[in-house]
Every structure is written in structure tokens, then in C-alpha cells.
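The following exercises concern side-chain interactions in a protein chain. Each task is followed by a solution in steps.

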Amino acid sequence: MAVLPDGSLAVAGVPLASRTALALPGLVLPKRAGLRVLFYHRVNDHAFAALGPVSREISVGAAAFERQMAHLRAKGFRGVTLAEFEAMLSGRARLDRKAVLVTFDDGYADNWEVAAPILARHGITPTT
């Protein structure tokens, strides 16, 4: 990733705001394809800022996560399983503009205790 002279971000020289596909076949699709991945590390109310930039960027408080999932649901997005997502990527299933893959890494207890009830309330299927 690089910062362009105008301050915007680019991958492989292609601005992230560009509607063209990035030069990473099979990894990054054009925006118009509609496939989105949201990845989280933790969902709780720790002081993430003290944990460093990576933890801060992929961890979120419970109230913020609730708002994010409510927004997805209000906009008509639906959580898909990893198998559904892979089928869309491989062309075995039709691309769904409202598909979102919600993922968690490391399997912290708060993923189950905090995030799972929020996802259930909003009818969003996470990956497991």
C-alpha cells in the first residue's frame, strides 16, 4: 500500500477509490462485484488504543460493533458463510452485491460472548 501525492491510498499503483480491479487476481475484486469482507480480532470494551495500531484497527467496542451490524442490516446486507463466499469468488455461484463475510481471528471468548449475540440480533451469519 502506498500514499499518493494527493494523500489517497493505492495498492500496486491503483488508487483504492478506483472502480477498476486491482492487480491481484482472485484476491481483490472490483468494487462493482459487491463482495465485502469485515474482519475483526476482538469485540469488547478494552482500551484498544494502548494495544498498538493493528489491534486498534481490527478490534472494536461492543457498542460500535452493534452500530456496524445494525447499519449492515439496515442497508440490506447479509452475512454469508465461507463456502458461499468462495463459491461466488470462484464463479460457481452468482455474485451477491449484498453479501458480506464477517470474520474473526484467534477465537477470543468475546467473539462468542459479545459478538455472537449482536450478530444474532441482526440476523448476520459470521464465519466460524
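A salt bridge is a side-chain nitrogen of Lys or Arg within 4 Å of a carboxyl oxygen of Asp or Glu. The model examined here is predicted, and side-chain atom pairs count only at pLDDT 80 or more.

**Exercise 1. Salt bridges**

Determine how many salt bridges a search of the whole structure finds, and describe individual pairs by distance and location.

Solution.

Step 1. The search of the whole structure returns five salt bridges.

Step 2. Consider Asp110 and Arg42, whose side chains meet at 2.8 Å, N to O. Asp110 belongs to helix 4, whereas Arg42 is in the loop between strand 4 and helix 1 (53–58); the two are 68 residues apart, and the pair links distant parts of the chain. Asp110 has a relative accessible area of 5%. Because buried means under 20% relative accessible area, Asp110 is buried.

Step 3. Consider next Glu66 and Arg121, which form a salt bridge at 2.6 Å, N to O. Glu66 lies in helix 2 and Arg121 in helix 4, so this salt bridge ties together parts that are 55 residues apart in sequence. Glu66 is partly exposed at 23% relative accessibility, and Arg121 is exposed at 54%.

Step 4. In the salt bridge of Arg92 with Glu86, the closest N and O atoms are 2.1 Å apart. Here Arg92 is exposed, with 60% relative accessibility, and Glu86 is partly exposed, with 38%. Separately, Arg78, Glu84 and Asp96 are joined into one network by salt bridges that share partners.

**Exercise 2. Aromatic pairs and charges over rings**

Classify the geometry of the aromatic pairs of Phe65 with Tyr40 and with Phe104, and identify which charged residues lie over the face of Tyr108 and of Phe77.

Solution.

Step 1. Three aromatic pairs are found in the whole structure. For Tyr40 and Phe65, the ring centres are 5.0 Å apart and the planes make an angle of 90°. Planes over 60 degrees apart count as edge-to-face, and the pair is assigned to that class. Tyr40 is in strand 4 (residues 36–40) and Phe65 in helix 2 (residues 62–74), 25 residues apart.

Step 2. Phe65 also pairs edge-to-face with Phe104, at 6.1 Å centre to centre and 65° between the planes. Phe104 lies in strand 6 (residues 99–104) and Phe65 in helix 2, so the pair ties together parts 39 residues apart in sequence.

Step 3. Tyr40, Phe65 and Phe104 thus constitute one aromatic cluster. Within it, Tyr40 is buried at 7% relative accessible area, and Phe65 is buried at 0%.

Step 4. Arg42 lies over the face of Tyr108, 3.9 Å from the ring centre. Lys98 occupies such a position over Phe77, at 4.6 Å from the ring centre.

**Exercise 3. The nonpolar cores**

Establish which residues of the largest nonpolar core touch the most other members, and which element gives the most to this core.

Solution.

Step 1. The largest nonpolar core has 14 residues, of which Phe65 and Met69 touch the most other members.

Step 2. Helix 2, strand 6 and helix 4 (109–121) are the elements that give two or more residues to this core. Helix 2 gives the most, namely four residues.

Step 3. Leaving aside neighbours within four places in sequence, Met69 is in contact with Leu38, Tyr40, Ile118, Leu119, His122 and Ile124.

Step 4. Apart from the largest core lies another core, of six residues, including Leu35, Val80, Met88 and Leu101.

Definitions and conventions
Residues are numbered from 1 along each chain as its sequence is written. This is a predicted model: local features need pLDDT of at least 70, side-chain atom pairs count only at pLDDT 80 or more; totals for chains, interfaces and linings use all residues. Side-chain values use heavy atoms; hydrogens and water are left out. Rings of Phe, Tyr and Trp (its six-membered ring) pair if their centres lie within 6.5 Å; planes under 30 degrees apart count as stacked, over 60 as edge-to-face and the rest as tilted. Buried means under 20% relative accessible area, exposed over 50%, partly exposed in between (1.4 Å probe, protein chains only). A charge sits over a ring if NZ of Lys or CZ of Arg is within 6 Å of the ring centre and within 35 degrees of the ring normal. A nonpolar core is a set of buried Ala, Val, Leu, Ile, Met, Phe, Trp, Tyr and Cys residues joined through side-chain atoms within 4.5 Å. Contact means heavy atoms within 4.5 Å.
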